[in-house]
Amino acid sequence: MTVQAPAVDRLSPSSGSGAPSLVVPLTRSPQVDCALAHKRTAFAVGACRERDPAARRRRRRHVSERCGIIDPVPSDHLISSLAADHTGRAADHEPGNGGLRHLRELPARPAERCDWPEWVTEPVRSALARQGIVSLWPHQAEAATHAFEGRDVVVATGTASGKSLAYLLPILTEADATDGSASPLGGEGRTLYLAPTKALAADQARAVGEFDVEGLVPAIVDGDTPYEHRQWAQRFANLIFSNPDLLHHSLLPRHRAWRSLLKNLKYVVVDECHIYRGVFGAHVALTLRRLLRLAAYYGAEPTVIAASATAANPAASLSVLTGRPAVEVTVDSSPSPGASVALWEPESFEFEGEIQKVSTLGETSRMLAELARQGVRTLAFVPSRRGAEIVAAEAKARLGADPASERIAAYRAGYLREHRRELESDLREGRLLGVATTNALELGIDVTGLDAVILCGYPGRLASFWQQIGRAGRGDEPALAVMLARDDPLDTFLVHHPEAIFERPIETSVCDPSNPYVLAGHLCLAAEELPLRESDFESIPGSREVADQLCEQKLLRRRPGGRYYWVGSERPEVSLRGSGPMAVDIAETSTGRLIGTVDSAAAHRLVHRGALYLHQGESYLVDDLDLDDGLALVHAARPPWTTTPQEITHLEILGTRESLDLGRVALCLGEVEVTSAVISYQKRRIPSGEVIDTQMLDLPPQTLRTVAVWWTVEPEALEGIKDLPGSLHAAEHASIGLLPLVATCDRWDIGGLSTSAHPDTELPTVFVYDGHPGGAGFAEQAFRSWRDWLEATMDAIAACGCKEGCPSCVQSPKCGNGNEPLEKAGAVALLKTVLDADDGTAVVKTHSPAAPPDQDEEEEDLWPGDF
């Protein structure tokens, strides 16, 4: 049988196994050769190299010279240069006036070695040896052996610790065992690799293409793959690189077309699994369970192999994703060159009697420009899309006519696919020297050769912190990582309490697949793919009750024998990356050119009529927002002002799950309904922030049913507080800012509300709620660790040097009331009252579930945009 494979330029040719092969161009630029050389070095860092350390350093220098990369600059010299002013002189900092707050030297770590497991075949060992891999690190061998013996396993070790080889070993051995004869006929031993982004899957496919193993037939199948290529992959590929979105939207709905893959599915690889947390994690968990359910239907029992950044209790996290027991491998035996990690606070100055801090974005752009000027390859992680655009534009402006200015760019989600791939290629091949990025480049995309990383603020989670600083220093050269503290309570707390970073265990990922707002849609999808059985409900608490509700809504039908069938007219639409409808397109009014996209839930705030929107350093004014069509029309403009949305919020308590009675103080956890509306926006002059105009808006309210933690205080206990509304408001802001200290979230995942007399409690109350339908587990974490959370909040406010409150303590960048009113001293007194009420004897009380609302209300609110 002769099979012609479709041409594609993303994978290397097959190794002559007899299966059809994918084709790549034969000519490459010197930069591509350089990138591949770095890739081989980095990928083989996943095992012990035959060469000695001195030889590796010589090879690295040789590769860098071919790419035109300057030799690494010592970290102490870089730190001194970052502390200097624009004239090159050391800045004269007054005590406590910004600058380096803490420097932690992470020691180098030597490698440990071990022999090959006996089950690894000789052809596989020879193929890896041709890439310089002649032995393994113990954590690789341990994880690979667990998988080979059929146990679900997660390897959770540091960046560049060779996790890829840990899951590839059993896959390559299985491919070699088929000897090329099974794959063309739909035979045994097929693998599905899932990455959270298409870029990471494509990057891993490129790396695997370097290995010349008989029988290995890889293919990329994602949203960009043409139909004829997918057909080819269905028939012949035994290693498919994809992502949860393609699995959810295409493979599972068309599972009969993928029958050959599913009935021979040997391994499922879940890369960067620590990313799957919150509501997104719940969606992915249920998608994986649908995959495993269909594989079992076709007769397969695949082993799940997961790779994760260093995390707490990774085996339990994987079990939540799959519903099956798992083992973990967490001892990192790979070498590390060490790193210098600097915690930095921007300079402060006095303005009109108040302490103000230099913009963190401005400081990030200054550092990025300075490092680029010295030829230091740098990634700057910025928390927002707009911030990444600003940092890249300002860094280029600071460099002026310096040639390095042409080698700086921004990278973020929302760009068109072609633009993202071009930026990834430029970064990989060394054409870019500095990149300001959101967390889109936090994952394991190969960008070897980086010397430094700048964090524009704490990324919200320790796992993300270590993952981001680990993006630099791969190889033998120590890295530099700088975390700049934003004007934010948590960041200020951390730079003054470095032990909270370096001595605190990494958080456990939170994911709740039983969230009814997430679960209901996936039960409908699963029933449409294959009728549900009673056994399908066993691993998810509450799933049978949700299925019965769907039957009442005439979306499912229960037949005799306990099977549930989908009876809807169309397949339900469920988005993995949000609970609302699809994204809003942003197009230029005059030309119709598509500029980018924004999540529909954020469209009210970011692209309302009159909003100033930034894209690739260019600013646009929004002419119109059509929510029904999902379209925002914009035109290019450079006004001397920016815009800030204003919103109002109403919160209703639906039910209390748990409570803690402390006498005059009570803490509660329960369900709430939050209704918010963006009612206006302010124009603020640049750079002073002065409000120059307020414009009203007419946007529909948005309703959110979620989970909240709240605390109440009897008025008699607050008699010494003069401005009670301002004190409650300030405590709310600061507690939101400090919640990421105890929960796996950032402040943009959560919301809050405070009032001196809430209608449902009739008491002064502060609410903090999850910003996702049904909750994401953050409020529950806050309730469980309430004392540590509120103590850190009180300490952060009290330690701040401002007089009346500032962004470092009680002001919030997303306050819908313009940060008014706020009372700093009263917030400290309020929090002290709450903490002093706890004598350690109170016991948490569990409450009965609230009575369900009327059927009409249930039907209206159960599906917030899922269908």
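This passage describes the salt bridges and one open sheet of a predicted model.

Residues are numbered from 1 along each chain as its sequence is written, and side-chain values use heavy atoms, with hydrogens and water left out. As the model is predicted, local features need pLDDT of at least 70 and side-chain atom pairs count only at pLDDT 80 or more, whereas totals for chains, interfaces and linings use all residues.

Side chains of opposite charge can pair when their charged atoms come close. A salt bridge was taken as a side-chain nitrogen of Lys or Arg within 4 Å of a carboxyl oxygen of Asp or Glu. Under this rule, 28 salt bridges were counted. One of them joins Glu363 to Arg366, with 2.9 Å between the closest N and O atoms. These two residues lie 3 residues apart in helix H13 (residues 360–373), so that about one helical turn separates Glu363 from Arg366. Helices (H or I, at least four residues) and strands (E, at least two) are DSSP runs, numbered from the N terminus. Glu363 is buried, its relative accessible area being 9%; here buried denotes under 20% relative accessible area, exposed over 50%, and partly exposed the range in between (1.4 Å probe, protein chains only).

A salt bridge is also found between Asp426 and Arg431, whose closest N and O atoms are 2.6 Å apart. Asp426 is buried, at a relative accessible area of 16%, while Arg431 is partly exposed, at 35%. In the pair formed by Glu690 and Arg685, the closest N and O atoms are 3.3 Å apart. Glu690 is partly exposed, with a relative accessible area of 42%, and Arg685 is likewise partly exposed, with 37%. In addition, a network of salt bridges links Arg290, Glu528, Glu529 and Arg571.

An open sheet of 5 strands, with mixed pairing, follows the order S22-S21-S25-S24-S23. Two strands are regarded as paired if DSSP finds at least two bridges between them. Strands S22 (594–598) and S23 (612–615) stand at the edges; each has a single partner strand, so one side of each lacks a neighbour in the sheet. On average, neighbouring strands of this sheet are turned by 35° against each other, direction ignored. S23 pairs with strand S24 (residues 618–626) in the antiparallel sense over 4 bridges, and Ser619 in S24 is the bridge partner of Leu614. Helix H14 (residues 385–399) packs on the sheet and touches S22 and S23, its direction making about 60° with that of S23. Contact means heavy atoms within 4.5 Å; axes are lines fitted to C-alpha atoms, for helices over the stretch in contact, and angles run from 0 to 180 degrees between N-to-C directions.
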